[in-house]
Amino acid sequence: MSRILTGIQSSGRPHLGNILGAIKPAIELSKHPDNESFLFIADLHSLTTIKDGDQRREFTRAVAATWLAFGLDTEKNTFWRQSRVAEHTELAWHLSCFTPFPMLNNATSFKEKSDRALSGVNAGLFVYPVLQAADILLYDAEIIPVGKDQRQHIEMTRDIASAFNHQYGEEVFVLPEARIDDRLMTIPGIDGAKMSKSYNNYIDIFLPENELWKVIKKIKSDSTPLEDPKNPDTDITFQLYSLLASDAQIAEMRNLYEGGNYGYGMAKKAFYELILSQFATERERFNYYMTNNDALEAELKAGEEKARLVARRTIERAREKLGFS
Ligand code: ADP
Ligand code: TRP
């Protein structure tokens, strides 16, 4: 039995990049009979950037509704909000006292984020990896599926856990391993750069139809005239379409591009329709959870209780070593 854990910040509504790059693969992994998954919404981490409470509530619900819409089995797995299990912040404090200052100071994600931070750099951004280490170590997680950008954070988690274990001469914490799937491609945004909420180039597949179409229409394309043949391999709409389409659909679209008399607008329409048909169930389920707060809350509450039981057992081990029990 492998214990898998991953978290997604509630710093925006999940977009196609988050869904194809993180949520769907994590759900696939969670279905394997040998795996037990701990999946949570990193709402405390989102405080490093988002200060508006109503906005966080909305994003937290949207992230939760996305996992549920894509079929996460909350009976088999554990699904909760980080902020509701206070042991995360308690353990983060313990761990911060085992974290070398230079390690945090040299973190690439801190450097990047502080360069981009518009409203000043807060200490939360600096200790972000320590809270992340607490998230992981609290659940004795073994495998952490994440994107490439998170590799360093998992390494830091291992270093912090090793320092703690070394101090007490015992394996208090399990050392986790990052699972970075190199086959997963970076999903491009509507401007061709990596799709990200920070670049405002993302596709929110849960938008109402007219708004979704407005976004799809904005996908960047070149100015090849309608009649001329087009190169599918350099076109963003074609790339995005290929992520969702079947092999036969991709081959057909390629022919249309190469044959001429097929405009980018037509390709965008086809992509838009593919999103609607392929995600019809998910869109419905997402809307159901976004409008039925009680149903969403019930799922999260049940998960929170399961998570707390595990977290309490682990933190007891730390408290005991630290002389707090
Ligand atoms: P964003 O860049 O929009 O802020 P996050 O950094 O919150 O997204 O990413 C959450 C998860 O989604 C991570 O596991 C990340 O690897 C994945 N992810 C984000 N953007 C993409 C993308 N464009 N392609 C593939 N995976 C992505
Ligand atoms: N830092 C992760 C990200 O931005 C989110 C996260 C928080 C996380 N805690 C975690 C991921 C623990 C894996 C494990 O994507």
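This report covers two ligand sites, one cavity and the aromatic pairs of a predicted model.

## Ligand 1

The shell around ligand 1 holds 13 residues. Those that come nearest are His15, Ile187, Met195, Ser196 and Lys197. By class, the shell divides into four nonpolar, seven polar and two charged residues.

Polar contacts reach ligand 1 from both side chain and backbone. Asparagine 18 uses its side chain: an N or O atom there is 3.1 Å from an oxygen atom of ligand 1. Isoleucine 187 uses its backbone, with a polar atom 2.9 Å from a nitrogen atom of the ligand. Methionine 195 also offers a polar backbone atom, 2.9 Å from a nitrogen atom of ligand 1. On its own, ligand 1 has 540 Å² of accessible area, and the protein covers 83% of it. Ile187 and Met195 thus appear twice: they are among the residues that come nearest, and each has a backbone atom 2.9 Å from a ligand nitrogen.

## Ligand 2

Around ligand 2 there are 14 residues. His45, Tyr128, Gln132, Asp135 and Gln150 come nearest. The shell has seven nonpolar, six polar and one charged residues. Which elements each supply at least two residues of this shell? They are strand 1 (2-9), strand 2 (35-42) and helix 7.

Three side chains place polar atoms by this ligand. Tyrosine 128 has one 2.8 Å from a nitrogen atom of ligand 2. Glutamine 150 has one 3.0 Å from a nitrogen atom of the ligand. Glutamine 9 has one 3.4 Å from an oxygen atom of ligand 2. Taken alone, ligand 2 exposes 360 Å², of which the protein buries 89%.

## The cavity

How many cavities of 30 Å³ or more does the structure hold? There is one. The largest cavity contains about 30 Å³ of space. Its lining consists of Ala107, Ser109, Phe110, Lys113, Leu125, Tyr128, Pro129 and His153. By class, five of these are nonpolar, two are polar and one is charged.

Helix 6 (108-116) and helix 7 (123-137) each give the lining at least two residues. Helix 7 also supplies at least two residues to the shell around ligand 2. Tyr128 links the two sites as well. Tyr128 lines the largest cavity, and its side chain has a polar atom 2.8 Å from a nitrogen atom of ligand 2.

## Aromatic pairs

The structure holds 19 aromatic pairs. One of them joins tryptophan 80 and tyrosine 139. Their ring centres are 4.8 Å apart and their planes stand at 50 degrees, so the pair is tilted.

Where do the two residues of this pair lie? Tryptophan 80 is in strand 3 (residues 78-81), while tyrosine 139 is in the loop between helix 7 and strand 4 (143-145). The pair therefore ties together parts that are 59 residues apart in sequence.

Definitions and conventions
Residues numbered from 1 in each chain as written. Chains lettered and ligands numbered in written order. Predicted model: local features only at pLDDT ≥ 70, side-chain atom pairs only at ≥ 80, totals over all residues. Heavy atoms only, no water. 1 Å grid on protein atoms, 1.4 Å probe; cavity = no way out; pocket = protein on both sides within 12 Å on 5 of 7 lines; lining within 4 Å. Points joined across faces, edges and corners; volume = space filled by probe spheres on them. Helix = DSSP H or I, 4+ residues; strand = E, 2+ residues; numbered from the N terminus. Nonpolar A, V, L, I, M, F, W, Y, C, P; charged D, E, K, R; others polar. Near = heavy atom within 4 Å. Polar contact = N/O pair within 3.5 Å; in protein donor to acceptor, adjacent residues only side chain to side chain. Areas by Shrake-Rupley, 256 points an atom, 1.4 Å probe, with all protein chains shown as cover. Phe/Tyr/Trp six-rings, centres within 6.5 Å; stacked < 30°, edge-to-face > 60°.
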